[in-house]
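Please find below some comments on the model, set out as numbered points. They deal with helix packing, one charged pair and the surface.

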Amino acid sequence: MVDQKSKYLQLAKLHKKYIREGFLPTLGIPFLTLLYESIDSDNKSILIFFEKDNRIIGYVTGSSGMKSIYIELLKRFPRLLISLLPVLLSPKKIFKILEILFISIKSKGYTDLPNEELLTIVVDKDFQGKGYAEDLFIKLCNEFHNKGYNSFKIVVGESLARAHSFYKKLGSIPVRKIEIHKGISSIVYLKKI
């Protein structure tokens, strides 16, 4: 069984290794470790993972909104500040953090979309193509359903063709194009449970 401290570090490393196109990996392993600890502590969020030989081989996260995750991060303020110290030297990264924070406010205007969202799904390369990603997705659907939700959204970078195929195959429907970071488009999918 993976211990708590190792769990968050392993999740952070998988994120950084496999979600290279996103902005969050540029904030570093210490920040990502803290982020996964916050997601796991948040009662409005879901973290499901598969492990083999004390190694996490895949995981999925979901949430009913980022606000409660931000609150969990702020509860760890000294560690958060230390994890973000290198970022404070980069105005470009600070601007991107602000973009992420304010996209939640802008997206509230979409009353046709649920607050619930799949945040990340990752499977280690050695275990891809063996059904783990589908199993994680189904487990997330079941968790959202058990919490009383009938749908959730997924935001996928427009250039991620493999991810688009995956979500469509599992019954997710593209409903909107958005821009979280200036000049980078994403597609929002809706998955009904």
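**Notes on the predicted model**

1. In this predicted model, Glu37 and Arg79 form a salt bridge, with 2.5 Å between the closest N and O atoms. Glu37 belongs to helix H2 and Arg79 to helix H4, so the bridge ties together parts that lie 42 residues apart in sequence. Side chains of opposite charge can pair when their charged atoms come close. In total, the structure holds ten salt bridges.

2. Glu37 also appears in the packing of H2 against helix H1, being one of the H2 residues that meet H1. H1 covers residues 4-18, and its axis runs 8 Å from that of H2, at an angle of about 120 degrees. The two helices are therefore oblique to each other. Their crossing is right-handed.

3. The contacts between these two helices can be listed by side. H1 contributes Gln4, Lys7, Tyr8, Leu9, Leu11, Ala12, Lys13, His15 and Lys16. From H2 come Ile29, Leu32, Thr33, Tyr36, Glu37 and Asp40.

4. H2, which spans residues 29-41, packs against helix H3 as well, with an angle of about 120 degrees and axes 9 Å apart. That angle makes H2 oblique to H3. Here too the crossing is right-handed.

5. Which residues of H2 meet H3? They are Phe31, Leu34, Leu35, Ser38, Ile39 and Ser41. Their partners in H3 are Ile69, Glu72 and Leu73.

6. H3 runs from residue 67 to residue 75 and includes Leu74. Leu74 is part of a nonpolar patch on the surface, together with Phe77, Leu81, Ile82, Leu85, Leu88, Ile94 and Leu98. The accessible area of these residues together is about 720 Å².

7. Which helix gives the most to the nonpolar patch? That is H4, with three residues. H4 (77-84) and helix H5 (91-107) each supply at least two residues of the patch. H4 is also the helix that holds Arg79, the partner of Glu37 in the salt bridge of the opening point.

8. To bring the points on H2 together: this helix packs obliquely against H1 and is oblique to H3. Through Glu37, H2 is also tied to H4.

Conventions. Residues numbered from 1 in each chain as written. Predicted model: local features only at pLDDT ≥ 70, side-chain atom pairs only at ≥ 80, totals over all residues. Heavy atoms only, no water. Patch = residues over 30% accessible without salt bridge, like charges linked within 9 Å, V, L, I, M, F, W, Y side chains within 5 Å. Areas by Shrake-Rupley, 256 points an atom, 1.4 Å probe, with all protein chains shown as cover. Salt bridge = Lys/Arg side-chain N within 4 Å of Asp/Glu carboxyl O. Helix = DSSP H or I, 4+ residues; strand = E, 2+ residues; numbered from the N terminus. Axes fitted to C-alpha atoms, helices over the stretch in contact; angles between N-to-C directions. Parallel < 35°, antiparallel > 145°, perpendicular 65-115°, else oblique. Left-handed = near helix turned anticlockwise from the far one by under 90°. Contact = heavy atoms within 4.5 Å.
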